[in-house]
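Visitor: Please show me the model, and then let me ask how some of its descriptions are justified.

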Amino acid sequence: MILHDYVLSASCYKIRLMAALSGQQLELQAVNFHPAREHKSPEMLKLNPGGTLPILRDEDLIMTDSSDMLRHLTRNLPEWQGDDDGWLDFARTLNETLGMARLHDVLGFEVDIDAARKRGVHLLRLLEAHLTEQRFDGMIFLTGDTPTIADIACFPNTALAPDGGVSLDVYPSIRLWMRALRSLPGFIEMPGIHRLHELEAAE
Amino acid sequence: MTRLWGIVLNWIAVGLAEDIPVGTVVPRRVDGLDLAIWRSGLGRFHAWDDRCPHRGMRLSHGFVRGEVLACIYHGWQYDLDGACDYIPAHPDLTPPKTICANTYVCEPRNQALWVALGTVNGDVPDIGDRIPIRSLDISCGAPAIARYFDHPQDPLIVLNGKYDLAIALQPSTSRSCFAHVFAGAGQDKKIVSRYVEKLRDELEAA
Amino acid sequence: MSDSSKDHWYPVGLLSDIYTPRQTLLFGQEISLTHDDTGFVVKKSSGASLPTIERFGHLWTSLGQPDHDLFVIPEANTPGRHLVDVGSVKVKCSPLRAVENFLDIAHFPFIHTDILGAEPHTEVDRYKVEIREGVDEVWATKVKFFQPQAAKSAEGGIITEYMYRVPAPTCAVLYKTCPPRPKEWDIITLFVQPLTEEWCEVWPWMALYDDDSTMAEMVSFQQLIFMQDRSILENQIPLKLPLDPGMETPTQADMTSVAYRRWLKRIGYSYGAQMVAA
């Protein structure tokens, strides 16, 4: 499988992370999203006329939607799928708010930043409420006590919210959920999400 | 001594004990003061200024290893008294005693965690046998919240009523608080949680 | 803000990019960048034109009266190098904090874990630091560090040698071991544009020997490294760089940053700096 990838993209990271957690190999092809806008080049537009990243290729299959990619990567792994549709849609709204705030603050994208942050906070409160109620029932992940593509889809934009000026300090359940994901065997980071150094004691 | 709301204050709640598991560190802003609250491997809580003495990095981004908190930037380790006891760039150096995080007295009680910002004066407030619900951020100043409940300005707001609520208020800034919510033993946590969300909506609309 | 802070050249855009007009800030003032038949034009909001220099793939300008040319990096001109525009990243911190972080290696095992450093290889050996009087630049030499992946072109862990150079108050140049050509240095620079005293736009640029990586891969590697630093930079207190001792505690490993702060004080540079220990 080939992933046309941008190292700083939260959506590309969802796919890199899902592959790593499920032990699947991806051949990463770096795209110069910034500053060269290579994802809008004629060659890339031939592959994906929508001009977006990530693009996942599995033999003849070409996927351009990250939810489709997550489903594809876990099609033979039922433990990673579940009651996800609502959460995959929720992940899209996180991208449109927290994700865009981040692109504004980091890469200078034109965004109504106050609206993006305000709506992002509203979504984080919804997420916090749900994860809190999950904890009441003894569960740490979005749809149960094991992670699914719902968690992977929602994690990157949530964890990177501070890059866009939205703090995560006041969401204890979100923090514990992120910690549980970061502790999973095979977890990989991306810039803005630190390694959990606690897990390896220094010699 | 710390004055908040015009009265001398001592203990402020900074969270539910269950939200700060062993081996973790969290940030808390109390009346504009940034703290790093962490729990050691053996379960002891600590409240420190959220600032590494090395280069000013927030300690709340750090990591706990056993009985030390390490700063994420250069890995400097601080022991239970706040003293730096290891500098990874100079592994054989005994760090000078002057390198020390600024610490505050911190006490868990009834499943809440309390911090004394000044000299300890009086007992940790008593939540009784109530159960912890959750912590909720509210974009509203502490005095306004107390007025809304027709309650004296106090770090612990005890509400008689349906859910036997006790709200330990942590003022973060003049316009925001972190409310640590407890309810009567036997209450349904989800019902109480949704109720306080509605309270928050009302407080923020006002 | 001291006038002498303005009397330097600052990066404000990529030469490859300014075919679309660009609005930006320099020292809190709005400036506009355009390109016409005469070339690149930088103007203040009053309409007054500012002087420009095109170098290292970037457009440089000044709001003041620099009494010197923009610095040069002769080694970057050797043939066969890839000149890499990494693109800018904005950071909510003092421009001086961004430079100082670039000069630091003790953070590699914790922030650039398994790339530029890894536990337990955390020790920073003594190195040499000086302020070279003739050119009035800060230089650190004989810096060595074990790196699991020193560059996109490296295969496996190596001991990397470094030299750091500060040729201007908000610019730093790193010369590091070049894995494919051990007799040459790879060159990685950080050019920092002060938007305000607590907000900057960082423009990394590189001149590397690497015939195996694509341009996108080289850009990605450097953006990855810089973005790992960004959440540190935005969480250092105070936001401005303290130039007086007292609040912070340097050790032997921090000698480059100590020299940098001392030099800033000496040249009277105060933009983004805090003079009195708060």
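The questions below concern a strand, a pair of helices and the contacts between chains.

Guide: One caution at the start: this is a predicted model.

Visitor: What makes strand β12 of chain B mostly covered?

Guide: A residue is called buried if 20 or more other C-beta atoms lie within 10 Å of its own. In β12(B), residues 112-116, 4 of the 5 residues are buried, so by that cut-off the strand counts as mostly covered.

Visitor: How do you know that β3(B) and β12(B) pair?

Guide: Pairing requires at least two bridges between the strands. β3(B), residues 11-16, is joined to β12(B) by 5 bridges, so the requirement is met. The two strands run antiparallel, and B:Trp11 has B:Ala116 as its bridge partner.

Visitor: What makes β11(B) and β12(B) a pair?

Guide: The cut-off is again at least two bridges. There are 5 bridges between β11(B), residues 103-109, and β12(B), so these strands pair. They too run antiparallel. Here B:Val105 is bridged to B:Ala116, the residue that is also the partner of B:Trp11.

Visitor: What lies between the strands of that hairpin, and which residue there takes a positive phi?

Guide: The hairpin of β11(B) and β12(B) has 2 residues between its strands, and B:Asn110 takes a positive phi near 50 degrees.

Visitor: Why are α3(A) and α6(A) called oblique to each other?

Guide: The axes of α3(A), residues 66-73, and α6(A), residues 149-159, cross at roughly 140 degrees. An angle has to be over 145 to count as roughly antiparallel, and 65 to 115 is the range for roughly perpendicular. The value for this pair falls in neither class, and the helices are therefore oblique.

Visitor: Which residues make the contact of these helices?

Guide: α3(A) gives A:Ser67, A:Leu70 and A:Arg71, and α6(A) gives A:Ile149, A:Ile152 and A:Ala153. By class there are 4 nonpolar, 1 polar and 1 charged residues. The crossing is right-handed.

Visitor: How many residues does each chain give to the contact of chain B with chain A?

Guide: Chain B gives 16 residues and chain A gives 13. On the chain B side, α2(B) has the largest share, with 4 residues. That side divides into 6 nonpolar, 3 polar and 7 charged residues.

Visitor: What is the make-up of the side of chain B that touches chain C?

Guide: This contact takes 18 residues from chain B and 18 from chain C. The chain B side has 9 nonpolar, 6 polar and 3 charged residues.

Methods. Residues numbered from 1 in each chain as written. Chains lettered and ligands numbered in written order. Predicted model: local features only at pLDDT ≥ 70, side-chain atom pairs only at ≥ 80, totals over all residues. Buried ≥ 20, exposed ≤ 12 C-beta atoms within 10 Å, placed from the backbone. Contact = placed C-beta atoms within 7 Å. Nonpolar A, V, L, I, M, F, W, Y, C, P; charged D, E, K, R; others polar. Axes fitted to C-alpha atoms, helices over the stretch in contact; angles between N-to-C directions. Parallel < 35°, antiparallel > 145°, perpendicular 65-115°, else oblique. Left-handed = near helix turned anticlockwise from the far one by under 90°.
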